[in-house]
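Biologist: Can you walk me through this fold? I'd like to start with how a helix sits on a sheet.

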Amino acid sequence: MITTSDERHLVSHGNDLAVAPTLAESVYQQIRRNILEGRITPGTRVSIRSLAESVGVSTMPTREALKRLGFEGLVDFDRRAVTITMLSPSAIRELFTIRLRLESLATEWALPALDAETIAALRSVLDRMTVPGIGAIAWRELNREFHQTFYGCGNSRYLLELIHNIWDRIQPYMAIYATAMHDFTEAERQHERMYQLMVARDLDGLLDATNQHLEYTAEAIIGALGDGVDHSREKNVNYEELSINSFHRLIETGETTSAKLTAWYLDRIAALDAVENPDGPQINSVVTLNPAALDDARCIDDRYACTGTLVGPLHGVPILVKDQGETKDIPTSFGSTAFADYIPESDATVVDRLRKAGAVILGKTAMCDFAAGWFSFSSRTEHTKNPYDLDRETGGSSAGTAAAVTANLCLVGIGEDTGGSIRLPASFTNLFGLRVTTGLIPRTGFSPLLHFQDTPGPMARNVSDLASILDVIVGYDPADPYTALATTTSDVGNYGEAIDGVDSDTLSGFRVGVLSDAFGVGDDQEVTNRVVRSALDSLRQHGTGVVDDIVLGDLASWVADTSLYTIASKTDLETFLASRMHNGPTSIRDIVDAGDFHPLTDLLADIADGPGHPEEHPDYFRKRMRQEEWRRTLIAMMADAEVDFLVYPTVQVPAPTRAELAAKRWTALDFPTNTVIASQTSLPAISIPVGFTDTELPVGLEVVGRPLSERALLRFARAWELAESPRHQPRADLLRGRVTT
């Protein structure tokens, strides 16, 4: 194995190690290391005199060293100054293309020779890479050591020399990448994935994973350069794909503050989200910003400066909340123009708990009118664009939260799920979205749709963030009797602790049952089915027990017989609106008759036609009983098949285009989403990202468990995340357009 000190000699072009280096050689090595380690960043121009003074020599040996560095392509210099070579994005991509060719060949040669000793060495490197608080330089050196150790199995000096030459050309940019990417979660997942494929001797899988890893790294480098290469400590911080744990490490090392992160998100919202910005993609996910967000963040920073202690588990975390949840002093419209000016006097219970845990409420996210639909359009905000394809729907009704989280407009988001409004948009936007057992999270302060199905919940780019939010917002609320459920068992809470120690091997401890009649039939459905079936094959490869062909039977009838929106939603909504101090209407019929709703939110008109007293409707109690029967049936199916969960596509079709929705291809009551299975049985379920269609649209897998099985669901999702690294950002060129953030 080549150590860091050995590496320095490896790039010294074959000098006799027993001979003391000349002054020129020493100067050359010192300047070269400063460039490769990112201490002198690409694009930097310095005088030869000041460079000589920095290494403590005269200009003559410095000039000789620069000649060699110029020949290697690392610098350009004239008589008085030197500029560290700055590669263009196309040049960086070209180098990575060459690197891929070389490393693919090295992989083919190394894999057959991989032995137990090298596997142990690789495991050791990976473990050191994931040590909390590891610095950028140390991480970068371990990253190189990992690949170097594996390719060394190929026993080809010439191939390794070619690879080292490419690495050295890229190294200054790797330094920028490692310094900017303070959250190495995605890169660590990719390394773990490659390691697992090495151990499995899966050459095709390893070549594909290597390709994905190098593509990710190249684009991350280009993204870091695109953010500007003025590498002061503050500007080095790359906040994209940031996790809560990584953010807190940055605070504790003094590299950022809550105010800086909050300002970064606000700037990004202005650039990428705002419909007022003609040069941006106008995602339209944020309906209202909190005018006090920066002040709130500064107050948290001041408390930390005084005490040196985080104020809570969500210290300084900027969060966007679905506009269904009331927020004190921030307008809350429930997606309706009729309530555009409504400013609540108090926070919803969930929002109150977030604030007390140290979170900063950035603002509110778009949703369809009163959450009565599967899509984003509303009278308040019109459409929210899908960051993976701006002509596609984000899905609803937590559309704004989903789009904002996946586009990195906030650290995490809060949605709400009655029939699938967290999991459906999570599926369409490559996120993890969790619906808890109904009653585990308080609904107080959230406008209802069906009180016996409603639940707020988190949406995040990674499972760790889901667990962190859950630990704050679950628990009994005296104002919501349903939450007494949280007091009935010790299996509530400690979700972050539950996923500690999970690795990709954890998948082998689970068994899942494939609910075959939840796979749709048709061309669009088959596009989704292919992605989900591939994910099931991956689960088998990871040792998960997969029980195929579990059949519920007549799924459509179960769904219809347990749907109560048109019977009970009117009363729930009107009771809520009548209890608030506002100048808006309290009758859904008045809202519909006045046209104060988006015309494509067709369910709202059906709700307005509902009975004044749902219990007097002849189908009300029958359907409620049928919900209980369906829940018992699903739990019994899990027991009979001896599985932990049932799995199926979250939604049977990919995200539709806005044109399809305008043509009314589907209504709210016939859109082919499977999320109602868990919602209408009050079971917990999580949508996990499992891949993309051929047109790069995300697809989710829904995993539904027994009541109060949230810990197990999170452990399963975390193991999948580590094994497959399913989270991929939307394309930078698609999001940025003509915008520089």
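Biologist: Which strands does helix H4 lie across?
Modeller: Helix H4 (residues 59-71) lies across E2 and E3. It runs at about 125 degrees to E2. Contact here means heavy atoms within 4.5 Å. Axes are lines fitted to C-alpha atoms, for helices over the stretch in contact, and angles run from 0 to 180 degrees between N-to-C directions. Helices (H or I, at least four residues) and strands (E, at least two) are DSSP runs, numbered from the N terminus.

Biologist: Before we go on, what kind of model is this?
Modeller: This is a predicted model, where local features need pLDDT of at least 70, side-chain atom pairs count only at pLDDT 80 or more, and totals for chains, interfaces and linings use all residues. Residues are numbered from 1 along each chain as its sequence is written, and side-chain values use heavy atoms, with hydrogens and water left out.

Biologist: Back to the sheet under H4. What is the strand order?
Modeller: It is an open sheet of three strands, ordered E1-E3-E2, with antiparallel pairing. E1 and E2 are the edge strands, and each pairs on one side only. Two strands pair if DSSP finds at least two bridges between them. On average, neighbouring strands are turned by 25 degrees against each other, direction ignored.

Biologist: How many bridges hold E1 to E3?
Modeller: Three bridges, between strand E1 (residues 45-47) and strand E3 (residues 81-84), in the antiparallel sense. Val46 stands opposite Val82 in E3. Ser47 has Ala81 of E3 as its bridge partner.

Biologist: And how many join E2 to E3?
Modeller: Three bridges join strand E2 (residues 75-77) to E3, and the two run antiparallel. Asp76 stands opposite Thr83 in E3.

Biologist: At what angle do H2 and H4 pack?
Modeller: Helix H2 (residues 23-36) packs against H4 at about 55 degrees, with the axes 8 Å apart. That makes H2 oblique to H4. The cut-offs: under 35 degrees is roughly parallel, over 145 roughly antiparallel, 65 to 115 roughly perpendicular, and the rest oblique.

Biologist: Left-handed or right-handed crossing?
Modeller: H2 passes H4 in a right-handed crossing. A crossing is left-handed if the near helix is turned anticlockwise from the far one by less than a right angle, and right-handed if clockwise.

Biologist: Which residues of H2 and H4 make the contact?
Modeller: From H2, they include Leu23, Val27, Tyr28, Ile31 and Ile35. From H4, they are Pro61, Thr62, Ala65, Arg68 and Leu69. The residues of this contact divide into nine nonpolar, one polar and three charged. Ala, Val, Leu, Ile, Met, Phe, Trp, Tyr, Cys and Pro count as nonpolar, Asp, Glu, Lys and Arg as charged, and the others, Gly among them, as polar.

Biologist: Now H12 and H13. How far apart are their axes?
Modeller: The axes of helix H12 (residues 258-273) and helix H13 (residues 293-307) are 8 Å apart, and the angle is about 160 degrees. H12 and H13 are therefore roughly antiparallel. Their crossing is right-handed. Ser258, Ala259, Thr262, Ala263 and Leu266 in H12 meet Ala293, Leu294, Ala297, Arg298 and Asp301 in H13. By class, that contact has six nonpolar, two polar and two charged residues.

Biologist: There's another sheet, with eleven strands. What's the order there?
Modeller: E4-E6-E5-E9-E11-E10-E15-E16-E14-E12-E13, an open sheet with mixed pairing. The edge strands are strand E4 (286-289) and strand E13 (545-550), each pairing on one side only. The twist averages 30 degrees from one strand to the next.

Biologist: How do E9 and E11 pair?
Modeller: Strand E9 (residues 412-417) and strand E11 (residues 455-460) pair in the antiparallel sense over five bridges. Gly415 stands opposite Gly457 in E11.

Biologist: Which strands does H27 lie across?
Modeller: Helix H27 (residues 710-724) lies across strand E10 (432-435), strand E12 (511-515), strand E14 (645-649), E15 and E16. It runs at about 15 degrees to E15.

Biologist: Switching to the backbone. Where is the Gly396 to Ser397 bond cis or trans?
Modeller: The peptide bond from Gly396 to Ser397 is cis, with omega near 10 degrees. Ser397 is in the loop between strand E8 (389-393) and helix H15 (399-406).
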